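Okay, thanks for coming, everyone. I'd like to walk you through one model today, mostly helices, cysteines and packing. Let me put it up on the screen.

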Amino acid sequence: MIPEREGSQPSEIPEPEAAEASPPAVRIWHPLALLLFRFAFAYLVLYNVPFPLTIIPGAELVGQAYEGIWEPVVARVGTDVFGVKAVNQQNGSGDTTYDYVKCFCFLVAAVAAALLWTGLDRKRKEHARLNEWLRVYVRFSLAAAMLSYGAYKVIKSQFADPGLDALMQPIGDGSPMGLVWNFMGASTPYTVFTGAAEMLGGFLLAVRRTAVLGALVSVGVMSNVVMLNFCYDVPVKLYSVHLLAMAGFLLLPDLKRLADLFVFNRRVESATIKPLFASPGRHRAVLVFRALFVLAIAGLTLYRSLQASRMYGDLMPKPPLHGIWEVNELAVDGVDRPPLLSDASRWRRVIFDYPEFMSIQLMGGADGKSRDYYQLRLNPEKGRMILTKPGDLKSRSVLAYRQPAPGILELEGRLDGKPMRARLQRLDESRIMLVSRGFHWINEYPFNH
């Protein structure tokens with residue numbers, strides 16, 4: 001043994017456990033949590049795929065190919081399990097029989113995938129990393145939907161101004177969905193406000209630090225949308241419920257923290273946000289890609305909304321005879337028909353709202369047929385209009401028209417095989433209360449008509 005020299009200090013020999021930092025402890029998930037995560041993973045991926053490819057211009061074939069895989073499966077399940085005919089038809093409704101049966105197929109497939117996954121991967125104790133990536137996928141799927149929904153309201157194309165035909169329709173003859181569309185379209189500021197709220201949720205979801213706030217905004221916005229869809233029978237119930245559920249899924253890890261903050265008034269520590277990549281270069285590249293991706297979605301959907309507004313919305317060019325025309329005189333088959341309420345099939349008004357469409361409001365109201373519709377083709381040079389009934393190209397009628405004075409329109413020819421003659425006067429649209437009332441800071445009495 002060598003004695004220590006006077007004044008010398010004992011050498012500091014590190015303890016074995018301090019010599020090398022121990023790896024962080026792995027949090028073991030409960031078996032039920034593993035099973036539920038695997039089910040959620042399978043269902044959310046099945047439902048959202050092929051996003052994000054479907055938002056790329058020209059990549060619609062990818063979505064069609066994916067749908068083509070499910071179409072025979074859904075048709076077979078519809079017939080054998082539910083005894084219904086499930087046919088994929090693109091008509092604007094997201095609540096068709098096909099859509100419900102397809103969701104059932106997704107549900108069964110997700111349950112089977114979760115059970116099979118659990119049986120093949122019994123040693124797995126957690127899915128922390130996979131959960132992070134699933135949350136990224138769901139965040140951007142939901143963000144894209146919120147940005148798209150919002151863009152079609154910020155530039156009014158989903159809810160355009162109420163059409164002239166709708167303005168002349170008795171409120172009792174309209175559908176609950178039509179009431180929502182007219183309610184939204186009648187106020188541009190409110191429509192833009194709701195769209196901006198949806199886009200705000202989408203932008204916040206795209207950033208990890210604001211993702212919880214984005215999910216909260218989305219829950220608030222989509223809760224209102226879901227209630228409108230259910231209470232006014234708007235056929236987007238399935239899709240809106242899924243978007244609301246996805247926002248709730250993103251909030252699950254933070255429910256306790258949110259309850260402590262908003263309900264129990266407790267102190268809440270800041271959440272730890274770990275980078276998805278250890279490499280700083282990859283992390284910066286992902287941030288740049290995220291910014292470009294989100295801006296591309298927002299820009300593309302805003303552009304598409306603008307194009308839609310120009311095609312059939314507020315920015316659509318007005319047809320030559322645009323307006324609401326009161327039918328003051330009408331003769332059919334040589335017989336004059338005065339404007340009597342008892343004559344249910346007599347024309348009351350003719351409405352030109354869209355370039356290739358004409359509607360006729362009849363005297364018949366709640367007790368009879370209230371509308372006739374025709375596809376329209378105008379020839380201003382010859383002063384002729386060609387009318388056909390929707391779905392019946394053989395029902396071709398030709399009427400001559402002229403305007404002998406401003407606000408006066410005369411029609412003459414054969415309609416549905418009968419000679420007719422009519423004199424119409426244009427209605428002053430400023431008389432329509434819904435579009436002319438405007439905003440008032442001061443109301444001495446409620447103006448509720």
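So, a quick one to begin with: does Cys-231 count as buried or exposed? It counts as exposed, because its relative accessibility is 51% and the cut-off for exposed is over 50%. Bear in mind that this is a predicted model.

Staying with cysteines, how many disulfides does a search of the whole structure find? Zero. Take Cys-105: the nearest cysteine sulfur belongs to Cys-103, and that's 9.2 Å away. A pair would have to be within 2.5 Å to count, so Cys-105 is in no disulfide. Unlike our opening cysteine, Cys-105 is buried, at 7% relative accessible area.

Now the helices. α2 runs over residues 31–48, and its 18 residues reach 26 Å from first C-alpha to last, close to the expected 26 Å. Its buried residues include Leu-34, Phe-37, Arg-38, Tyr-43 and Tyr-47. Yes, there's an arginine on that buried list. Among the things covering them are α3, α4, α5 and α10.

Then there's α12, residues 280–312. With 33 residues at 1.5 Å a residue, α12 should span 48 Å, and its end C-alpha atoms are indeed 48 Å apart. Buried along α12 you'll find, among them, Phe-293, Val-294, Ile-297, Ala-298 and Thr-301. Look at how those numbers step along: in an α-helix, residues three or four places apart point the same way, because there are 3.6 residues a turn. The buried residues of α12 pack against α5 and α8.

Next, the inside. The largest nonpolar core has 26 residues, and the ones touching the most other members are Val-138, Leu-142, Leu-205, Leu-243, Phe-249 and Leu-250. Elements giving two or more residues to this core are α2, α5, α8, α9 and α10, and α5 gives the most, with seven. If you zoom in on Leu-205, its contacts beyond four places in sequence include Leu-142, Met-146, Ala-211 and Leu-250. There's also a second, separate core of 23 residues, including Val-327, Leu-330, Met-385 and Leu-411.

Last stop, Ser-395, which sits in strand β7, residues 392–402. Ser-395 is buried, because its relative accessible area is 14% and anything under 20% counts as buried. What does its side chain reach? The backbone nitrogen of Lys-389, at 3.0 Å. Setting aside residues up to four places away, Ser-395 touches Leu-387, Thr-388 and Lys-389.

That's my tour, so over to you.

Note on methods: Residues numbered from 1 in each chain as written. Predicted model: local features only at pLDDT ≥ 70, side-chain atom pairs only at ≥ 80, totals over all residues. Heavy atoms only, no water. Helix = DSSP H or I, 4+ residues; strand = E, 2+ residues; numbered from the N terminus. Expected span 1.5 Å × (residues − 1). Buried < 20%, exposed > 50% of the residue type's maximum accessible area, 1.4 Å probe, protein only. Contact = heavy atoms within 4.5 Å. Polar contact = N/O pair within 3.5 Å; in protein donor to acceptor, adjacent residues only side chain to side chain. Core = buried A, V, L, I, M, F, W, Y, C linked by side-chain atoms within 4.5 Å.
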